[in-house]
Amino acid sequence: MKKVLINFAHPAKSRSKVNKALLKAVTGLEGVTVNDLYANYPDFMIDIEREKQLCEAHDIIIFQHPFYWYSSPAIVKEWMDLVLEHGWAYGSNGKALTGKVILQALSTGGDGSSYQADGYNQFTLKELTSPLQATAKLCGLIWLPPFAVTGVHRGLGTEKTNEYALDYKQTITALRDSLINLEEAKQLERLNTNLNQLIQEH
Ligand SMILES: Cc1cc2nc3c(=O)[nH]c(=O)nc-3n(C[C@H](O)[C@H](O)[C@H](O)COP(=O)(O)O)c2cc1C
């Protein structure tokens with residue numbers, strides 16, 4: 001069983017609907033650690049050694065957050081800037097992350113259809129999350145496309161939110177239990193495009 005680290009980043013968790021529901025669905029699962037970045041570092045004073053140890057102790061690293069300005073809430077960038085040190089994450093002696101899996105789980109206000117070349121957001125989510133893809137390559141990580149909840153601005157409603165939360169739980173447990181073909185997953189636009197096809201029970 002693989003160990004999953006969820007680096008959760010929401011600056012206003014008490015007002016969150018989607019991310020809070022998703023997080024609830026995976027909290028307490030065996031092999032899954034939730035690391036709430038804003039709760040742990042309200043002053044942005046990230047404990048670099050603690051974060052490195054957490055990464056080293058897990059096989060799959062997930063950044064879960066709402067999509068903010070086509071990116072993430074600021075603490076995720078701060079985390080990247082501070083934790084991914086030369087000689088640890090990258091460089092000729094920086095092999096700490098090699099072979100681990102990394103992905104984003106994100107929610108967008110915009111509809112799914114707005115994230116395409118002729119949509120008002122112009123670019124796909126896969127394109128917009130390419131900075132993490134490039135970072136992953138430099139650090140020897142295996143990058144997967146984002147698990148995405150879209151169309152939040154229109155109001156998802158309880159039923160749809162619960163559906164996404166169940167999908168998220170299924171995805172996290174499948175990653176933990178190595179039930180996802182990573183090569184196939186890499187080709188997808190979003191990890192949760194067709195979960196039943198992606199997850200191979202055996
Ligand atoms: C500062 C800020 C920036 C945002 N930027 C985007 C964006 O670039 N694209 C988008 O689709 N939604 C954007 N949104 C909407 C959020 O993604 C949306 O409110 C969030 O996913 C809802 O999740 P929650 O219920 O967990 O808060 C933004 C919201 C805020 C507050």
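**Reading a predicted fold**

Colleague: Let's start with charge. How far apart are the mean positions of the positive and negative charges of the chain?

Modeller: The idea is to average the places of each kind of charge and compare the two averages. In this chain, the 20 positive and 22 negative charges have mean positions 2 Å apart. Keep in mind that we're looking at a predicted model.

Colleague: Okay, now the overall build. How many helices and strands are in the chain?

Modeller: Count the elements, then look at how they pack. You'll find nine helices and six strands here. The radius of gyration is 16 Å, close to the 17 Å that the globule rule gives for 202 residues, so the chain is as compact as a globular protein of that length. If you box in the C-alpha atoms along the principal axes, you get roughly 45 × 45 × 35 Å.

Colleague: What share of the contacts joins residues 24 or more positions apart?

Modeller: Take the contacts with a separation of 6 or more, then ask how many of them reach further along the chain. Residues 24 or more positions apart account for 73% of those contacts.

Colleague: And the inside versus the outside? What percentage of the residues is buried?

Modeller: Buried residues make up 50% of the 202. As for the outside, the accessible surface comes to about 10200 Å², and carbon and sulfur atoms hold 51% of it.

Colleague: Which residues touch the most other members of the largest nonpolar core?

Modeller: For a core, look for the members with many partners. This one has 32 residues, and the ones touching the most other members are Ile6, Leu22, Ile62, Leu103, Tyr168 and Ile172. Among the elements that give it two or more residues are strands E1 (4-8), E3 (60-66) and E4 (101-107), along with helices H1 (18-26) and H7 (157-176). H7 provides the largest share, six residues. Apart from this core lies another, of 25 residues, including Leu37, Leu97, Ile102 and Trp143.

Colleague: Can we zoom in? What does Tyr168 touch?

Modeller: Skip residues up to four places away in sequence, and look at what remains. For Tyr168 that leaves Ile6, Leu22, Val26, Ile62, Gln64, Ala105 and Phe147.

Colleague: Let's follow Ile62. Is Ile62 buried or exposed?

Modeller: Compare its relative accessible area with the cut-off, since buried means under 20%. Ile62 has 1%, so it is buried. It sits in strand E3. Leaving aside neighbours within four places in sequence, Ile62 is in contact with Val4, Leu5, Ile6, Asn7, Leu103, Ala105, Tyr168, Ile172 and Leu175. From Ile62 to Glu51, 11 residues away in sequence, the C-alpha distance is 13 Å.

Colleague: What about the loops? Where is Ser16 found?

Modeller: Name the elements on either side of a loop residue, then check its cover. Ser16 is in the loop between E1 and H1. With a relative accessible area of 7%, Ser16 is buried. Its C-alpha atom is 16 Å from that of Gly110, and the two residues are 94 apart along the chain.

Colleague: Last one, backbone angles. Which residue has a positive phi of about 65°?

Modeller: Look for positive phi in residues other than glycine. Gln122 is the one at about 65°, and it lies in the loop between E4 and helix H5 (125-128). Ser178 also has a positive phi, near 55°. You'll find Ser178 in the loop between H7 and helix H8 (182-187), partly exposed with a relative accessible area of 41%.

Conventions:
Residues numbered from 1 in each chain as written. Predicted model: local features only at pLDDT ≥ 70, side-chain atom pairs only at ≥ 80, totals over all residues. Heavy atoms only, no water. Helix = DSSP H or I, 4+ residues; strand = E, 2+ residues; numbered from the N terminus. Rg over C-alpha atoms; globule rule 2.2 N^0.38 Å. Buried < 20%, exposed > 50% of the residue type's maximum accessible area, 1.4 Å probe, protein only. Contact = heavy atoms within 4.5 Å. Areas by Shrake-Rupley, 256 points an atom, 1.4 Å probe, with all protein chains shown as cover. Lys, Arg positive; Asp, Glu negative; His and termini not counted. Charge placed at Lys NZ, Arg CZ, Asp CG, Glu CD. Core = buried A, V, L, I, M, F, W, Y, C linked by side-chain atoms within 4.5 Å.
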